[in-house]
Amino acid sequence: MNQSISLLSLFSSILHVFLVLNFYGGVTVNGDIVRNFCKNEWIIDPYLNYDFCVSSLEANPETKTSDIFGLAEISMELCLRNATYIHTYIEGILKDGKEEPRARMYLEDCMEFFSTAVEEVQEAVEAFNGKDYYNALRHVSNAGIEADTCKIGFTEAGVDFSLLKKQDYNFYQLTKISIKTIATIHDSKYYKI
Ligand SMILES: *[C@@H]1O[C@H](CO)[C@@H](O)[C@H](O)[C@H]1NC(C)=O
């Protein structure tokens, strides 16, 4: 295994222990779990958009009284709804037929990728409900890979991706949030708290 990757994941695991201690130890500032979670995760991973993280989670009022398990469930719901929406959105573009001709083939591929992404998130939810956090993580990651594959099709062919850019970014952030909530739970299994 690549040493820098394993060091990075060790580093991220150690930081996750602090997060878990924060959550379970009740040391959250103002008891605001969403802001604490998003901030701590943003410190580990600057590609996580803090404002996006807070606003997407806070859009569901249940997060106010959630613990990390609740955040994981809510974030997976967001991924599921978004992937379903993106699939429908692409279908709409294809119906309108206003896209540049070269984009059509890639949009059709992306519809497939996003329907697989929906299935992956559904499987993640099932695994999560069965406390199989490893596979929950794997399935959410796979959903992210599907979305990535959609984008790569466009970029490699030099076809304009602006039609899906915003949706792609939202989904990328949402899968990141899900992965981080589940990883926090998963890592906590290895440490006695
Ligand atoms: C997708 O996610 C974004 C960001 O959280 C949100 O604004 C949007 O409403 C979501 N779409 C659906 C259909 O859930």
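Start by selecting the ligand and what surrounds it: Phe52, Ser56, Arg81, Asn82, Tyr85 and Leu174, each with a heavy atom within 4 Å of it. This is a predicted model, where local features need pLDDT of at least 70 and side-chain atom pairs pLDDT 80 or more, while totals for chains, interfaces and linings use all residues. Residues are numbered from 1 along each chain as its sequence is written, and side-chain values use heavy atoms, with hydrogens and water left out.

Now click on Asn82: a polar atom of its side chain sits 2.4 Å from a ligand oxygen. Then try Arg81, where a side-chain N or O atom is 3.2 Å from an oxygen of the ligand.

Next, select residues 133–157, helix α6, and residues 162–188, helix α7. Their axes (lines fitted to C-alpha atoms over the stretch in contact, with angles from 0 to 180 degrees between N-to-C directions) are 9 Å apart, at an angle of about 160 degrees. So α6 is roughly antiparallel to α7, a label for angles over 145 degrees.

Show the side chains here. Among the residues in contact (heavy atoms within 4.5 Å) are Leu137, Val140 and Phe154 of α6, and Phe171, Ile179 and Ile182 of α7. By class, this contact has 15 nonpolar, five polar and two charged residues. Nonpolar covers Ala, Val, Leu, Ile, Met, Phe, Trp, Tyr, Cys and Pro; charged covers Asp, Glu, Lys and Arg; the others, including Gly, are polar.

Last stop: α2 (residues 33–44) and α3 (residues 50–58). Their axes come within 9 Å and cross at roughly 150 degrees, so this pair is roughly antiparallel. Look for Phe37 and Trp42 in α2, and Tyr50 and Leu57 in α3, which are among the residues that meet. This contact has eight nonpolar, no polar and three charged residues.

Notes: Helices (H or I, at least four residues) and strands (E, at least two) are DSSP runs, numbered from the N terminus. Angles under 35 degrees count as roughly parallel, over 145 as roughly antiparallel, 65 to 115 as roughly perpendicular and the rest as oblique. A polar contact is a pair of N or O atoms within 3.5 Å; within protein, one must be able to donate a hydrogen and the other to accept it, and residues adjacent in sequence count only if both atoms are side-chain atoms.
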